[in-house]
Amino acid sequence: MKIAIIGAGATGLTAGWKLSEKGHCVTVYEKNDRIGGLTSVVPVGDDLLEIYYHHIFTNDTVIIDVIKELGLEKDLKWYEPSNVIYINEKIYPFTSPLDLLMFKPLSLISRIRMGLMVIHAWFIKDYLAIENMTAREWIIRHGGEECYRLVWEPLLNSKFDFDSDKISATWIWNKFKLRGSSRGKNINKELLGYMDGSFIKIYNKIAERIKANKGEIRLNDGVTEISKNYDRFRVRSQSGTEEFDSVIFTASPERLSYVIKGMGRQYLDSLRKIKYKANICMILELSESLMPNYWMTVADRDIPFVLVIEHTNLVKNHKYGSHIVYLSRYLDITNELYGMDDESIKSLFISGLKKIFPDFKEEWIKKYHINRTRDAQPVVTTGYSRLIPDVETPMKGLYLTSMSQIYPEDRGQNYAILSGLEISRRFPAVEE
Ligand SMILES: Cc1cc2nc3c(=O)[nH]c(=O)nc-3n(C[C@H](O)[C@H](O)[C@H](O)COP(=O)(O)OP(=O)(O)OC[C@H]3O[C@@H](n4cnc5c(N)ncnc54)[C@H](O)[C@@H]3O)c2cc1C
């Protein structure tokens, strides 16, 4: 079959690789000038670095298997992170259950309740049973009001902006479950994985495989229209129009709703019900280290970002020639910050950084990069399972597989790769 795949992120590339391996004729369309989607990279020093911070967990078994299949396992390294939280103008360790017990901003009873809440989450199997409850209700019920107000309310706000009160308990449950299961035998020790040379190594290798199987990857070729005439799809892109037997769309459902032609209003509206939050991420290449830790969660509404990540405090094997720090902010695209120019975002973020680290000096900045994406994080509201569109669209032969459909899991490369593998299984291999 002649198959068009829209999007050269982890999902689209994996689908293209496996379908071309099965003998199908694959064309991957990518609107950007490079592959990788959210995992795409910029050169930093003599190395490559993701434009958005990435690591994997020990239970991300699908991506680990793919890394092995591609012969890249020697590049996957496991590191022990050090996590802290900034709260009430102070920094507290926040990695292990022991840290939680010692967490001064909360009363002893709230600390114990928060610990029990996390353990309770690990044992929940039927996530649908809590799907209609908001994260707020669930946290207050199990962790108490103090724990919600001080820790989780600012975090939910900075992740989901004005939608934070609609977030389903399943989302927070999944976060607790995930972090718990990347600890291995020692509950106090978390392990995070990173590839020498960045995760793009995986996607470059997959792109090589697609090309070796006579598939094509078209960069700078955004798809503007998908229509169907009898059994054939017509895909219109910046480079022209081409016909296919089948189409796989890997960007957000809302994006699909804008390019698909000939579908009823009801279906288009259902695609637009799934909302995403945007992200602005600033990378700083610094001459000095900012902090001794890898991951800082900022639970303070007056600071314009929610995460400070000193990537080089996790990843030891690199050639960046600098200390790498990411500052991350999630927001709605209607938020005026999203439309601000890079200079204004930089000065806003730097002023926030100086509040946390009064000794920080702007002279330390050798270079900075600002990236933003509209589709960073699906907004997992209550009753989310009823909103998720089917992978099979009403237009037979057109498939939609995006990070909004991997629920109850949250976005991540592991599930993007899994979606790519699963969609490829729907197509039989070509007979010799
Ligand atoms: C801030 C941030 C931090 C993250 N941290 C982690 C982490 O630590 N670990 C982890 O595993 N995951 C992390 N993720 C998630 C991970 O990056 C994603 O789950 C994964 O990369 C999604 O891959 P995808 O292919 O489904 O989507 P995308 O990467 O979004 O790819 C979709 C592609 O489609 C293209 N496209 C869209 N519309 C069109 C069109 N009309 N025509 C042609 N092309 C089009 C886009 O340009 C894009 O390249 C993070 C994401 C963000 C935003």
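Two strands pair if DSSP finds at least two bridges between them. In this predicted model, strand β6 and strand β9 (residues 192-195) are joined by four bridges and run antiparallel.

**Figure 1. Close-up of the open sheet formed by β5, β9 and β6 in the predicted model.** The sheet has three strands in the order β5-β9-β6, and the pairing is antiparallel. Its edge strands are β5 (56-57) and β6 (76-79), each of which pairs on one side only. Strands of a sheet pair through backbone hydrogen bonds, either parallel or antiparallel. Between β5 and β9, two bridges are present in the antiparallel sense, and Ile56 stands opposite Gly193 in β9. Between β6 and β9 there are four bridges. On this side, Leu76 lies opposite Met195 in β9, while Lys77 has Tyr194 in β9 as its bridge partner.

**Figure 2. Close-up of the residues of β9.** Leu192 and Tyr194 point one way from the strand, whereas Gly193 and Met195 point the other way. Residues on both faces of β9 are buried, namely Leu192, Tyr194, Gly193 and Met195. Two of these residues also appear in the pairing described above: Gly193 opposite Ile56 and Met195 opposite Leu76.

**Figure 3. Close-up of the contact between helices α5 and α6.** Two packed helices are described by the angle between their axes and the distance between the axes. The axes of α5 (residues 135-143) and α6 (residues 145-160) come within 8 Å and cross at roughly 150°. Angles over 145 degrees count as roughly antiparallel, and α5 and α6 are therefore roughly antiparallel to each other. Their crossing is right-handed. From α5, the contact involves Ala135, Arg136, Ile139, Ile140 and Gly143; from α6, it involves Glu145, Cys147, Tyr148, Trp152 and Leu156. By class, the residues of this contact comprise seven nonpolar, one polar and two charged.

**Figure 4. Close-up of the contact between helices α2 and α12.** Here the axes of α2 (residues 61-69) and α12 (residues 413-425) come within 7 Å and cross at roughly 70°. Because this angle falls in the range from 65 to 115 degrees, α2 is roughly perpendicular to α12. Thr61, Val62, Ile63 and Val66 are the contributions of α2, and they meet Gln413, Asn414, Ile417, Leu418 and Leu421 in α12. The contact contains six nonpolar and three polar residues, with no charged residues.

**Figure 5. Close-up of Pro304 in the loop between β16 and β17.** The loop that holds Pro304 connects β16 (295-298) with β17 (307-310). Residues under 20% relative accessible area count as buried, so Pro304, at 12% relative accessibility, belongs to the buried class. With neighbours within four places in sequence left aside, Pro304 is in contact with Arg329, Leu348, Phe349 and Gly352. The C-alpha atoms of Pro304 and Leu314 are separated by 24 Å, the two residues being ten residues apart along the chain.

**Figure 6. Close-up of Ser328 in strand β18.** Ser328 is located in β18 (residues 323-331). This residue has 0% relative accessibility and therefore counts as buried. When residues up to four places away in sequence are not counted, Ser328 touches Tyr53, Asn279, Ile280, Phe305, Val306 and Leu307.

Methods:
Residues numbered from 1 in each chain as written. Predicted model: local features only at pLDDT ≥ 70, side-chain atom pairs only at ≥ 80, totals over all residues. Heavy atoms only, no water. Axes fitted to C-alpha atoms, helices over the stretch in contact; angles between N-to-C directions. Parallel < 35°, antiparallel > 145°, perpendicular 65-115°, else oblique. Left-handed = near helix turned anticlockwise from the far one by under 90°. Contact = heavy atoms within 4.5 Å. Nonpolar A, V, L, I, M, F, W, Y, C, P; charged D, E, K, R; others polar. Buried < 20%, exposed > 50% of the residue type's maximum accessible area, 1.4 Å probe, protein only.
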